[in-house]
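Subject: Structure for your files, with notes on internal cavities

Hello,

Here is the structure you were expecting. Please look it over before reading the notes under it.

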Amino acid sequence: QMVVKVEVAGMGGVGKSCLVTEYCYRHYPTEYGLIIWLNAETVDTLITDYRQLLADLANVDADMDKSTDELVGEVKTRLFRSNVPWLLVFDNIENSDWKKFVPNGAGMRGHVLVTTRHMEVESGTSDSDGTLSLGCFHTSEAIELLRRSAGSHNMEGPSNAASARELSERLGNLPLALSMAAAYMRQCDVQCSEYLDRYAASEKHGQSLLHRGKLQDYSLTVASSLSLILPKIEEENRTASEVLHLLSYMGPDMITKPLLRHLLNAKANVDRCIEEEECEDASKYQFSRKNVSFMLCGTILGGAALALPAVHTRRAWHVAMLTMTATSILFLSKSRAKNDKLGEKSESTRRRMKKSISVSGSFSAFEYEQSDLSWDILKSFSLLSVKEGKGSVHRLLQQAMRSRPSEEGTLYYLKICVDALTSTWTFKPEEIKSWKESLQLLEHVKSVVAHSQNCHFDAQYTLNISQLSKEAGVLSAMALNAFVEAHASLEISLKLLDSRTNLANKPEFRKARAEALYELSKVHRYQGQYDDANRCLTDSLALNNADDCLTADALHELGILEVKRHNLDSAASFLQRSLQIRNSLEDDTNIDHRTNTDSAASSTLHQLAAIHVARKPPSLEKAKTLLQEALSLSRQIGQRAATLKQLARVTIRQGFLDQAESYLGQALELYLELYGDNKLHINVAAVKFQQGALAVQREQLDDAWRSFYECLRIRRHVYAYAASSEDTNPIHLEVSCVLHELASVGFAQKRFSQSMEMLKAERTILETLEERSHNERIYQARFTNLTWSIKCAKEMGDDKVATQFSNERMALKKSTGQKSREKPHHLHSDSVTLQQKAMECRLLARKFALEKNDSKIKLTEKLYNHEKLLARLEELGEEIKTASPGPMKQAATQFRDSLLLWVDQPGMRSPVLTACDRLRDVLRAYGVQVNDSITSRK
């Protein structure tokens, strides 16, 4: 009977030995009468264990004079003749030498179990009867291990549950690391949430946690494995070792063979550039030595001429000067020619480098061959686990690999990764087809950018990395609605640009910073952080300072912000200015430029339509005309869907319900085509909300409930970052809006308890929002919520609760009026100073705006007023920095930003006067008497 051999393969720390040990305990003595455990890490350890095994089997001391072959032969014979079933375990084999230790026959019955880091069965080199590939836990299994091992009191509560999930992901669900974490928590009596904080801090500072007074590093086992495996990989194929180093800086998942080819291609380019730079340096050195020798000879000749006898002194002096002058001229001309030649060569090297990096998908036969070979080698050593053509490298393996290179080596590997990603990253916001491909690389980009933050790159690499981080943020926001991740990527982009203080004023750095600030402003707006968005846009415009597409985009975004704040006149002014700039940049000869201009104009028309809808009374027909014009200009899926959604909103209010239904159906189809599997998108939620509103108009209440509830489900998912651990509803105004609509539908269906539940959830959100920011919209929403709560309580027959809500509504109304009256008496002293500065600036701004086009005013006086206004605005800016947070500071900031934006523009009169009017309203709310007596200059 042949011996049955089974391999258990996997990377260090996944629990191969533990699994086999458990198997042994479960099947001894019921199935095996003899179990032999052998340390198979080296041939020497195997021989030692075999000598001890022979001594145990023969019940005598092992004969040390026997050769290895004699020793192995005798053990095999005894096992073959054994009358009991046996199991032979070869633990942690590193090469194929172990096979000669396996018996050829099994006797009564014999099995062999092998644990190894090598995956030979997939490459066809294994003669085993089966291979079990052991990977890491799933997240649910990792959490269960922590729950069982760390002590139940350390895992109780939602905070610890969330921490357990995050910790499991940080440790890559590696069983060994999880077991060590659990042991630490149990023995030190530390809760999981506290342990996670400690782990994050130790990881941040490059240290490890204390365990029984000794440093314990989770990657110790992985590092030990690497110390054994890497030399063997380098012996077999050095390229595979280099690939492993490069993968340690990439994302742990979604590794593909094309990615390996891009890495190898980029490595070849970087190596070639380094080699050429070294040759240039050597040439410069040789040239320098020759020049010094040449100059020295000239000096010696000149000195020799001076040393001639005195009778020829005058002639000797002339000869010496002539010799030294000629030498200097020749030296300088040669030096310049050589430097020009080296400069041309260096520039050509950079151009070749740039060209080679920009070519995507063009690989040599060597790169194809080496990527395939590296892939197979890394798989065979269990360093790369592959499923459906996608590879994964364990996070702790990456961490251990990153700790090996020097700072210079790290910079080298990161440059290669940046170049590879630059060549394969195809993301363009306006091209939907590029989204899917870019999402495959998103985590790689974020990983490389994160590791690049503290490295010192040259200017071009810094710009490239910043650009990658910015575009990763845009993709996260647009395709995934991952606003927290998008915010982080954009902040890193800005941080990278800020790190090069000596280049901050270079045009390309100013432009890159302006673009990143613009994108960050949109992420702030998506999260409802309008003040932060406004600040980013103002800074972006100040950096760019040119009438180009970026300025038009920023003005458009400012218009959207003003719409959100219900400052409709100001919004219209920004949007019109944006359109003017775009029209001035039109280039009918460039098709791509024209397409982008039309797309941007479509967005602006869309927002102008939104203003007409928001006005009181609304101009619905005008809004519909603008939206139809926007639809005719739009060629992008997402943009067309948004316009169709807005058209549906208008037609619902006009009563054209069938037309609205058609618009919404088209919008939803386009969004689902755009986002694919990601149906939990904020734009899909907006369509569901409008479908609910349409169903209410048709009195189809069940359909309305389903649509609104689907909208709520999506918004809960999108805004989950704003939810507390005690509540499922995020603190966001859009969530409160859909809760209110559900309450209204529930009330109409006479499901009063369900309606009251929704109103209670809405009230919780609104009260929290009011604590953060006092504004009219939140006050009106609270007031409406209490009105509906009163009606609902009365329908339920609970007069006591109805009276309670009624009293609460009266108190809200009274307190709001009292706050309005008391505002002037509750200003901080620094706010009073700010108020005075703002009033001075406002007076000068109105005067300047009204007299700007007055021909009776001398030019010198206008220039003087202009400079005076700018000086006062600078003083106001300094005062704003020291003022206490509050409505006055917010109003002064908005006023100053608007003036700085418009004061030098041709059409500045209307927006400047609008800004003055907005500040006037705030000042009057504080009890300040404002009298606008300046109308014109007599």
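The notes below deal with the enclosed cavities.

Please keep in mind that this is a predicted model. Searching the whole structure turned up four cavities of 30 Å³ or more. I describe the largest and the second largest here.

Largest cavity. Its volume is about 90 Å³. The lining consists of Asn 534, Thr 538, Leu 558, Glu 562, Arg 565, Phe 574, Gln 894, Asp 897, Ser 898, Leu 901 and Arg 918. Three elements each give two or more residues to this lining: helix H19 (530-544), helix H20 (549-564) and helix H34 (887-902). H34 provides the largest share, with four residues. By class, the lining of the largest cavity has four charged, four polar and three nonpolar residues.

Second largest cavity. This one holds about 60 Å³ of space. Around it are Ser 570, Ser 573, Phe 574, Ser 898, Trp 902, Pro 911, Thr 914, Ala 915 and Arg 918. At least two lining residues come from each of helix H21 (568-584), H34 and helix H35 (909-925). Here the largest share, four residues, belongs to H35. The lining of the second largest cavity divides into four nonpolar, four polar and one charged.

The two linings have residues in common: Phe 574, Ser 898 and Arg 918 appear in both. H34 also contributes at least two residues to the lining of each cavity.

Regards

Methods:
Residues numbered from 1 in each chain as written. Predicted model: local features only at pLDDT ≥ 70, side-chain atom pairs only at ≥ 80, totals over all residues. Heavy atoms only, no water. 1 Å grid on protein atoms, 1.4 Å probe; cavity = no way out; pocket = protein on both sides within 12 Å on 5 of 7 lines; lining within 4 Å. Points joined across faces, edges and corners; volume = space filled by probe spheres on them. Nonpolar A, V, L, I, M, F, W, Y, C, P; charged D, E, K, R; others polar.
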